[in-house]
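Me: Please take a close look at one part of this structure and work outwards from there. I would like to see how that part fits with what surrounds it.

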Amino acid sequence: MKILTSKSLFMFLILMFISMKIHSLQFEVLSGRTKCIAEDIKSHSMTVGKYHIVNPNEPHPLPDTHKVTLRVTSTHGNTFHYADNVHEGHFAFETTEVGDYMACFYAADHKPPVTMTINFDWKSGVAAKDWTNVAKKGSVDLMELELKKMHEHVKNIHDEMFYLREREEEMQELNRSTNSKMAWMTGLSICVCLSVAGLQLWHLKTFFEKKKLI
């Protein structure tokens, strides 16, 4: 039986944290401005998001000025969700591209300016699955549900490790290409320096010969 060292356990916990990718946050958007949230998601991953504007005057209704427009786009600019002038909403889709996905909130301009507080809950990967519905649909007991969760976590970590390996190979290829270009540039710089030095020696020799010093 293998015993995890503290370093291995630490790396395992980091991978678990990365694989879950849960983002729940609260931020402010000033009218006439845009605020964007980015999330790096691998392809063929489920991602879900819920958002709503916090009512500053509970229990009164939310003012009509408190509306936002949300657009969720991929790293290549493809739109996966769009909602115009809403108080709240949600989105869910399976990613088709790897890279940064951007959720941009825009608040229409008002006079005087209005500041809105937005609650945004964004989940992807294993965390995007509704395990309560899984338990209800499958009529499984608590132990089976936990096993399903563990299986999904392990599968997601496995996929994440391959994804990180691919990114590492890309970085290594970039480093090799950069080193090759640097070596070529270094060689070229040395040749230029030697050429300039040779020209200077030839010029000095010609000058001294004309002055009959040598």
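Reply: Start at His44, which counts as exposed because its relative accessible area is 62%, and the cut-off for exposed is over 50%. The model is predicted, so every value here is computed from that prediction. His44 sits in the loop between S2 and S3. Its phi is near 60°, which is a positive value in a residue other than glycine. Most residues other than glycine have a negative phi, and most peptide bonds are trans.

Other places in the backbone can be set beside this one. Asn85 also has a positive phi, near 50°, without being glycine. Asn85 belongs to strand S5, and its relative accessible area of 40% makes it partly exposed. Two loops hold cis peptide bonds. One is the bond from Glu58 to Pro59, with omega near 0°; Pro59 lies in the loop between S3 and S4. Another joins Lys111 to Pro112, where omega is about -5°; Pro112 is placed in the loop between S7 and S8.

Now the strands that these loops connect. The chain holds 3 helices and 8 strands, and from the N terminus its elements run α-β-β-β-β-β-β-β-β-α-α. Strand S2, on one side of the His44 loop, is part of an open sheet of 4 strands with the order S2-S7-S4-S5 and antiparallel pairing. S2 (34–41) and S5 (79–86) are the edge strands, each pairing on one side only. On average, neighbouring strands in this sheet are turned by 10° against each other, direction ignored.

Inside the sheet, S4 (residues 68–73) is joined to S7 (residues 99–107) by 6 bridges. One bridge there sets Thr73 against Met102 of S7. S4 also pairs with S5, in the antiparallel sense, over 5 bridges, and Val72 stands opposite His81 in S5. S4 and S5 make a hairpin with 5 residues between them, and Gly77 in the turn has a positive phi of about 90°.

Strand S3, on the other side of the His44 loop, leads to S8. S3 (residues 46–53) and S8 run antiparallel and are joined by 7 bridges, with Lys50 opposite Asp121 in S8. In a regular strand the side chains alternate between the two faces of the sheet. S8 (residues 115–124) has a covered face made of Met116, Ile118, Phe120, Trp122 and Ser124. Its uncovered face holds Thr115, Thr117, Asn119, Asp121 and Lys123. Asp121, the residue facing Lys50, is thus named on the uncovered face.

Residues of the covered face of S8 lead into the nonpolar core. The largest nonpolar core has 22 residues, and Phe91, Phe105, Phe120 and Trp122 touch the most other members. S1 (22–30), S2, S3, S4, S6, S7 and S8 each supply at least two residues of this core. Phe105 shows what such contacts look like: leaving aside neighbours within four places in sequence, its contacts include Phe27, Val29, Tyr51, Leu70, Ile118 and Phe120.

Several of these names return among the aromatic rings. A pair of aromatic rings is described by the distance of the centres and the angle of the planes. With centres within 6.5 Å as the limit, the count comes to 10 aromatic pairs. Phe80 and Phe93 are a stacked pair because their centres are 4.8 Å apart and their planes meet at 25°. This pair links distant parts of the chain, since Phe80 is in strand S5 and Phe93 in strand S6 (residues 88–94), 13 residues apart. Phe80 is partly exposed, as its relative accessible area is 26%, whereas Phe93 is buried at 9%. Both belong to one aromatic cluster, together with Phe27, Tyr51, Phe91, Tyr101, Phe105, Phe120 and Trp122.

A last ring has a charged residue beside it: Arg165 lies over the face of Phe162, at 5.0 Å from the ring centre.

Over the whole chain of 214 residues, 25% count as buried. Of the contacts with a separation of 6 or more, 72% are between residues 24 or more positions apart. His44, where this look began, counts among the exposed residues.

Notes
Residues numbered from 1 in each chain as written. Predicted model: local features only at pLDDT ≥ 70, side-chain atom pairs only at ≥ 80, totals over all residues. Heavy atoms only, no water. Pairing = 2+ DSSP bridges. Axes fitted to C-alpha atoms, helices over the stretch in contact; angles between N-to-C directions. Phe/Tyr/Trp six-rings, centres within 6.5 Å; stacked < 30°, edge-to-face > 60°. Buried < 20%, exposed > 50% of the residue type's maximum accessible area, 1.4 Å probe, protein only. Lys NZ or Arg CZ within 6 Å of the ring centre and 35° of its normal. Core = buried A, V, L, I, M, F, W, Y, C linked by side-chain atoms within 4.5 Å. Contact = heavy atoms within 4.5 Å.
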